[in-house]
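Hi,

Here is the structure I promised to pass on to you. Have a look at it first, then read my notes below with the model open beside you.

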Amino acid sequence: MSALRDWFRARWGHRAFLLKMLPAGSVGAEIGVYRGRFTAQLLQVVQPRELHLVDPWKHESGEAYSKALFGGRSAGGQAGMDACLEEVRQRFASEIAEGRVHIHRGYSAGVLEGFADGYFDWIYIDGNHLYEFVRQDLALAERKTRPGGIICGDDYGEGQWWEGGVKRAVDEYVAARSAEVLALRNGQFAIRR
């Protein structure tokens, strides 16, 4: 049994429990895609009917982003981010052709506004981790996720280059709404809408 557990953990890592929470055949959005590693896991485990990938694939050069994957740690600046987008397009070419995967290059606020309220069964937030952006993503996800849907995301914890912005925004969101927290584990959060 431990070999199977080790295989599962290696394959889906710290997000495995979260993947099992998302309903099969659902409509979801992943905010912050980068190279699409988690996208591949979502497609394999959740098998969504529609998956919307939202990312600006934009290199941020400001001091606040000096340690971010899309900033100072990004190889190649904007050309490197463009290469990430092309990698995602190629990696999921068949799912895009089938109409299951839709790529939206842009900031989450602008992209998600184009969808009807309640459109998504779930939204996974892993975009800009600075407090004000996470706060904005949570508020938007609340409108764009159907009642009973799931708002979830990555990097719930203290510290890092974003100085705990994800945790702070999620904690405030939950407290202000008395929202049902489904999970706070392995740096992941899941909230029932």
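**Salt bridges**

Let's start with a pair of charged side chains: those of arginine 143 and glutamate 113 meet in a salt bridge, 2.9 Å from N to O. Arginine 143 sits in helix α7 (residues 131-144) and glutamate 113 in the loop between α6 (108-112) and β4, so this pair ties together parts that are 30 residues apart in sequence. Both ends are partly exposed: arginine 143 has a relative accessible area of 35%, and glutamate 113 has 42%. The pair also belongs to a wider group, since Glu113, Asp117, Arg143 and Lys144 are linked in a network of salt bridges.

Before you go further, keep in mind that this is a predicted model.

How many salt bridges does a search of the whole structure find? It comes up with 15. Two others are worth clicking on.

- Arginine 35 and glutamate 87 meet through their side chains at 2.5 Å, N to O. Arginine 35 is in the loop between β1 and α3, while glutamate 87 is in helix α4 (residues 77-91), so the pair ties together parts 52 residues apart in sequence. Arginine 35 counts as partly exposed at 26% relative accessibility, and so does glutamate 87 at 29%.
- Arginine 15 forms a salt bridge with aspartate 154, with the closest N and O atoms 2.7 Å apart. This one links distant parts of the chain: arginine 15 is in the loop between α1 (2-12) and α2 (16-21), aspartate 154 is in the loop between β5 and α8, and 139 residues separate them.

Is arginine 15 buried or exposed? Its relative accessible area is 11%, so arginine 15 is buried, because the cut-off for that word is under 20%. Aspartate 154 is buried too, with a relative accessible area of 6%.

**The sheet and its helices**

Now turn to the strands. Seven of them form an open sheet in the order β3-β2-β1-β4-β5-β7-β6, with mixed pairing. The edge strands are β3 (101-105) and β6 (180-185), each of which pairs on one side only. On average, neighbouring strands of this sheet are turned by 15 degrees against each other, ignoring direction.

Try tracing β4 (residues 120-125) and β5 (residues 145-153): these strands run parallel and are joined by five bridges.

Two helices are good landmarks here. Helix α3 (residues 37-46) lies across β1 (27-31), β2 (50-55), β3 and β4, and runs at about 170 degrees to β2. Helix α8 (residues 165-177) lies across β5, β6 and β7 (188-192), running at about 20 degrees to β7.

**A look at tyrosine 124**

This residue brings several of the earlier pieces together. Tyrosine 124 is in strand β4, and its bridge partner in β5 is cysteine 152. At 1% relative accessibility, tyrosine 124 counts as buried.

What does tyrosine 124 touch, not counting residues up to four places away in sequence? Its contacts are Arg15, Leu18, Ala29, Glu30, Ile31, Phe38, Cys152, Gly153, Asp154 and Gln188. You'll recognise Arg15 and Asp154 as the two partners of a salt bridge above. With arginine 15, the side chain of tyrosine 124 also makes a side-chain polar contact at 3.2 Å.

For a sense of scale, pick the C-alpha atoms of tyrosine 124 and glycine 77: they are separated by 25 Å, and the two residues are 47 apart along the chain.

**The nonpolar core**

The largest nonpolar core has 55 residues. Those with the most contacts inside it are Leu42, Trp122, Ile123, Ile125, Leu138, Val170 and Phe189. Leucine 42 is a handy place to begin: leaving out residues up to four places away in sequence, leucine 42 touches Leu19, Leu22, Glu30, Gln47, Pro48, Leu51 and Trp122.

**Two backbone oddities**

Finally, check two phi angles. Glutamine 47, one of the residues that leucine 42 touches, has a positive phi of about 50 degrees although it is not a glycine. You'll find glutamine 47 in the loop between α3 and β2. Tyrosine 34 has a positive phi as well, near 55 degrees, and is also a residue other than glycine. Tyrosine 34 lies in the loop between β1 and α3 and counts as partly exposed at 22% relative accessibility.

Cheers

Key: Residues are numbered from 1 along each chain as its sequence is written. This is a predicted model: local features need pLDDT of at least 70, side-chain atom pairs count only at pLDDT 80 or more; totals for chains, interfaces and linings use all residues. Side-chain values use heavy atoms; hydrogens and water are left out. Two strands pair if DSSP finds at least two bridges between them. Helices (H or I, at least four residues) and strands (E, at least two) are DSSP runs, numbered from the N terminus. Axes are lines fitted to C-alpha atoms, for helices over the stretch in contact, and angles run from 0 to 180 degrees between N-to-C directions. Contact means heavy atoms within 4.5 Å. A salt bridge is a side-chain nitrogen of Lys or Arg within 4 Å of a carboxyl oxygen of Asp or Glu. Buried means under 20% relative accessible area, exposed over 50%, partly exposed in between (1.4 Å probe, protein chains only). A nonpolar core is a set of buried Ala, Val, Leu, Ile, Met, Phe, Trp, Tyr and Cys residues joined through side-chain atoms within 4.5 Å. A polar contact is a pair of N or O atoms within 3.5 Å; within protein, one must be able to donate a hydrogen and the other to accept it, and residues adjacent in sequence count only if both atoms are side-chain atoms.
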